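Me: Could you take a close look at the lining of a pocket here and walk me through it? After that, I'd like to hear how the rest of the fold is put together.

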Amino acid sequence: MSATMLDRLADRAMKECIPLSALFELTGRCNLDCCHCYLDIAHPPWEMTTEQAIGVVDQLVDAGTFFLTLTGGELFLRKDALVVAAHARRRGLALRLFTNATRITEELAQEIARIKPLAVEVSVYASSSAVHNAVTKRPKAFRRTLRGIVLLKRAGVNVGIKSPLLAPVIGEMDRLFELADRLGTPMVFDPYVTPRHDGGLQPINYRAQVADMAVALAHPRLRGSAKLPAPPRPDDIPCAVARRTVRISPTGDVFPCSTYPRSIGNVLKQPFSGIWAGGPVLDRLRNLRIKDLHGDCAGCSQGGYCGRCTAVALIEHGDELGPARESCRLAEAKERALELPIVASPRRESGKEAHG
């Protein structure tokens with residue numbers, strides 16, 4: 001599908017409130033304990049059955065979902081994860097799997113390859129065991145994750161590496177790009193570090209400083225497509241919440257985006273179509289426009305850089321119409337990044353391998 005077709009599909013989904021993209025958390029359990037995680041893995045929720053999960057996939061397809069991401073916790077702590085994944089592929093969904101890859105075996109990699117997901121995405125926080133393991137709080141995580149990536153690549157799976165721009169990650173960018181190049185995978189950085197779904201603010205302690213973020217965003221391999229943004233118009237929609245994106249928890253609770261903390265219903269108690277049709281929360285969110293924002297958001301000169309998150313504004317500040325201060329920080333970093341000179345990445349000695 002071409003980029004133009006995808007853009008048209010996304011625009012239609014925004015206008016008609018079609019849940020084009022769904023994030024389905026099959027489990028809240030995880031074998032890592034990442035410092036920035038938005039889940040409370042110490043108290044994982046109960047999980048729906050295989051049959052119930054397959055039923056959710058069917059309901060999403062009927063509602064117009066095209067992109068499905070299966071995730072956790074750690075997805076492969078569920079023995080039936082690939083049963084659900086295979087059903088999603090049979091229903092024609094473009095499928096992504098999120099995993100830390102520590103549980104990938106040669107056999108599992110081959111099974112994943114047979115399903116042919118669009119991609120398997122793996123979080124890597126550094127090119128060395130010291131930093132990566134400090135983030136994950138597990139002593140052998142780095143070695144096991146790299147092994148999993150290699151096994152997936154050997155099996156012919158399309159693998160992508162990703163990392164949030166945590167404070168410990170900022171200094172690892174060049175080495176992470178080199179690691180990704182050696183592994184033959186793309187490397188993507190996400191500047192957002194969000195609070196936990198339950199409102200816990202532990203992850204924000206690992207956010208990078210604005211000046212460091214600006215330098216990171218000015219990296220030549222991130223900056224190539226950077227453009228001066230147009231300011232938003234008063235009648236523009238602030239974000240995709242409640243429109244083209246949805247999250248479903250292991251217990252069947254439905255949320256109007258991947259971060260929004262308040263459930264709008266449960267698919268084990270009511271059909272998804274009825275939940276998504278509307279209600280007090282959905283109707284309010286769908287009616288939001290830029291002109292409805294208040295406080296520092298009203299007429300903000302950095303609005304074009306913002307990428308404001310309604311959910312983060314609600315979780316961190318208790319006001320979904322007010323500023324999301326993390327968006328403010330990111331807007332400042334983006335603006336500074338465009339002002340910085342482009343400096344070539346330092347060349348590193350060849351032959352150095354990541355260690356674990």
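Reply: Let's start with the chemistry of the wall: the lining of the second largest pocket splits into 14 nonpolar, five polar and four charged residues. Keep in mind that this is a predicted model. The lining has 23 residues, and those lying nearest the pocket's centre are Pro232, Ile290, Gly303, Cys306 and Arg308. If you're thinking about space for a probe, the volume of this second largest pocket comes to about 520 Å³.

Which helices build that wall? Helices α13 (303–306) and α15 (325–339) each put at least two residues into the lining. Helix α15 gives the largest share, with four residues. Gly303 and Cys306, two of the residues nearest the centre, carry the numbers that begin and end α13 (303–306).

Now zoom out to the whole chain. The protein has 15 helices and nine strands. An open sheet of nine strands runs in the order β6-β5-β4-β3-β2-β1-β7-β8-β9, and its pairing is mixed. At the edges sit β6 (187–190) and β9 (265–266), each of which pairs on one side only.

Further in, β7 (residues 245–248) and β8 (residues 253–255) run antiparallel and are joined by two bridges. If you want a spot to click on there, Ile248 stands opposite Val254 in β8.

Next comes a bit of helix packing. Helix α3 (residues 81–90) lies across β2 (67–71) and β3 (94–99), and it runs at about 160° to β3. The loop between β2 and α3 is where you'll find Gly73. A cis peptide bond joins Gly72 to Gly73, with omega about 20°, so check that link if you plan to build on these coordinates.

Another backbone detail is in the loop between α1 (3–16) and β1 (21–25), which holds Cys17. Cys17 has phi near 55°, a positive value in a residue other than glycine.

What about the overall dimensions? Taken along the principal axes, the C-alpha atoms fill a box of roughly 55 × 50 × 40 Å. The radius of gyration is 20 Å, which agrees with a compact globule, because one with 356 residues would come out near 21 Å.

Notes. Residues numbered from 1 in each chain as written. Predicted model: local features only at pLDDT ≥ 70, side-chain atom pairs only at ≥ 80, totals over all residues. Heavy atoms only, no water. Pairing = 2+ DSSP bridges. Contact = heavy atoms within 4.5 Å. Axes fitted to C-alpha atoms, helices over the stretch in contact; angles between N-to-C directions. 1 Å grid on protein atoms, 1.4 Å probe; cavity = no way out; pocket = protein on both sides within 12 Å on 5 of 7 lines; lining within 4 Å. Points joined across faces, edges and corners; volume = space filled by probe spheres on them. Nonpolar A, V, L, I, M, F, W, Y, C, P; charged D, E, K, R; others polar. Rg over C-alpha atoms; globule rule 2.2 N^0.38 Å.
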